[in-house]
Amino acid sequence: MIISTTPLLDIKGLNAGYGGVRVLHDVSLSVGQGEFVTVIGANTAGKSTLLRTISGLVEAQGSIRFDGQELVGRPSHLVPALGIAHVPEGRHVFPEMTVEENVMLGAYAVRSASDLATRRDRILTMFPRLRERLHQAAGTLSGGEQQMVAIGRALMLEPKLLLLDEPSHGLAPKIVDELHETFLAVSRTGTAILLIEQNTTLALSVASRGYVLEAGRIVLSGTSAELTGNDAVRSAYLGL
Amino acid sequence: MSRLSSTQWIMIAVLVAVAIAIPFLFDPRGYGIRILCLALLFAAMAQSWNIVAGLANQISLGHAAFFGIGAYTSTLLLIHFGLTPWLGMIAAAVLGGLAAFLISLPTMRLRGHYFALATLAFGEVMRVIGNSWGGLTGGPVGISVPFSQPSLMALQFKDMRAYYALMLGAVVVVTAIFVVIKRSRLGYRLRAIKENEDAAEVIGVDTTRTKILASVISGMLTASLGTLYAQFQFFFDPDTVFGIASVSIRMAMIAIVGGIGTAAGPILGAFFVIPLEELANQVFSAKAAGLSQLVFGVLLILVILIEPKGFMAIGPRLKRLFARGDR
Ligand SMILES: Nc1ncnc2c1ncn2[C@@H]1O[C@H](COP(=O)(O)OP(=O)(O)O)[C@@H](O)[C@H]1O
Ligand SMILES: [Mg+2]
């Protein structure tokens, strides 16, 4: 197969860490336009660090090409405007702001866009529960609803790439299913997604391709079907 | 962005009327009005601190650095060049803002107590410099503001009521700046940072620049108030204007006791803390040195433990209480 287009996100030889302690070692990874990719790995493997590095929150060497631009060395506050939305680990809402304020702030980097009201309505249609709680302080919502706020906020950007860091963590199975339905719907609109999930079975069921990260190194990659069939993955991450 | 409600306008009108009436109740040369002036000055100082601590949640314990810079800048310019303290105050604000900018560069990425400790150290460094650079500051013996013919231009007055008006003006100006910032786009960014810095960063807020900007404004205002303090006291030394307890912690305490992040908090706090401090000094000082400070410290800790949101939380609390009673 000949791949004619360059990937949307193309990471090559990435090293990153905190204050001299290296967490990511020579990581190479790509996400195509509109592709749904997952990174699986144990706790402290460096999954969150990988997403944070893409967002410019962690010092890095190597190359992160996104949509024709180099991200390494770019300050984090300039990354969203390029079309990367990040839903960080943990439920990161602005607790004392209303649901509406939270959602609208997602468009902070593109605040001069003329279609903000349309974007907002699209998100509230996607998450009808948020529409009911529009003027409620986000901190008073349930865990699942707060995660919807964080995701809705990220989608306000209409990103080319959506980074999701354990969005299902600590949520009821019914909510988790709902969220993943939403991710698939978002993916169908052409938004590329890079998903991290503790629940590997779930991650491989929605993503089309995946990477396995172990102690900061990519040790394996393949389609979701290949990874699900891989013996090492089955024993280490799928508990089979 | 909400406008002031009519009850808020009425409250402000009542406050202004009371503020104008108060000095006429006191002996114009007496002790009472001096305490009043100090309370107003500290209200303005705590309000300046509130801009960076209350809005951005960066709890500084080093604001004495800016205060002292302000006091020394205008006083030295007056002594050596005969410059009017009004221009001295502008120079003070510039230097205070510059100092705030420089200290922000290495500290703004620090959070919580790391930031507090770093700023505390900065204040202490300034105090040590003030004490050891005697050639410039006069060292530990302190420095006197030269007397001149009392006038508005010279920022010196015979009548304490003039100082009262000056300090009241300072409170009004700094509080207005606080409110304008809080309601501006900068205030919205600061609020996002305060509520969740990580989330603010990933939506594209330049958190470092935003915090530095707030810090510089706060440093400029604090330094200007240092000039007012010098003109009011006529004499000061490094341990007083660069002091941790006398300035840095006091500013923080006043805002916290009154209600951090609110416009009225620092004013309520100052009119609680400063008179109480004076009272404690009078009751205890003669008997046991330091006892008054201990009692005072315990009182403050109690207030903070009982209601971390300060006096400003009492109103809503009462409201809730009554609302429950209605049902
Ligand atoms: N802010 C930080 N400062 C220092 N070390 C960190 C920081 N965040 C994560 N680490 C370290 O980096 C490693 C990878 O963490 P993380 O990326 O959170 O892993 P994962 O998301 O896969 O659980 C861990 O050893 C963790 O202790
Ligand atoms: Mg993680």
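**Around ligand 1 and the magnesium ion**

Colleague: Which residues are around ligand 1?
Modeller: In this predicted model, local features need pLDDT of at least 70 and side-chain atom pairs pLDDT 80 or more, while totals for chains, interfaces and linings use all residues. Residues are numbered from 1 along each chain as written, chains are lettered from A and ligands numbered from 1 in written order, and side-chain values use heavy atoms, without hydrogens or water. A residue is near if one of its heavy atoms lies within 4 Å. Ligand 1 is surrounded by Tyr18(A), Val23(A), Ala42(A), Asn43(A), Thr44(A), Ala45(A), Gly46(A), Lys47(A), Ser48(A) and Thr49(A).

Colleague: How far does a polar side-chain atom of Thr49(A) lie from an oxygen atom of ligand 1?
Modeller: Polar contacts here are pairs of N or O atoms within 3.5 Å. A backbone N or O atom of Thr44(A) sits 2.8 Å from a ligand 1 oxygen. For the Thr49(A) side chain, that distance is 2.5 Å.

Colleague: Which protein donors does the magnesium ion (ligand 2) have?
Modeller: Donors are N, O and S atoms within 2.8 Å of the metal (3.2 Å for Na, K and Ca), and with water not among the atoms, sites may look incomplete. Lying 2.0 to 2.5 Å from the ion, they are Ser48(A) (OG) and Glu89(A) (OE). The pair links distant parts of the chain, 41 residues apart.

Colleague: Is Ser48(A) buried or exposed?
Modeller: Buried means under 20% relative accessible area, exposed over 50%, and partly exposed in between (1.4 Å probe, protein chains only). Glu89(A) has 38%, so Glu89(A) is partly exposed. Ser48(A) has 16%, so Ser48(A) counts as buried.

How values were computed: Polar contact = N/O pair within 3.5 Å; in protein donor to acceptor, adjacent residues only side chain to side chain. Helix = DSSP H or I, 4+ residues; strand = E, 2+ residues; numbered from the N terminus.
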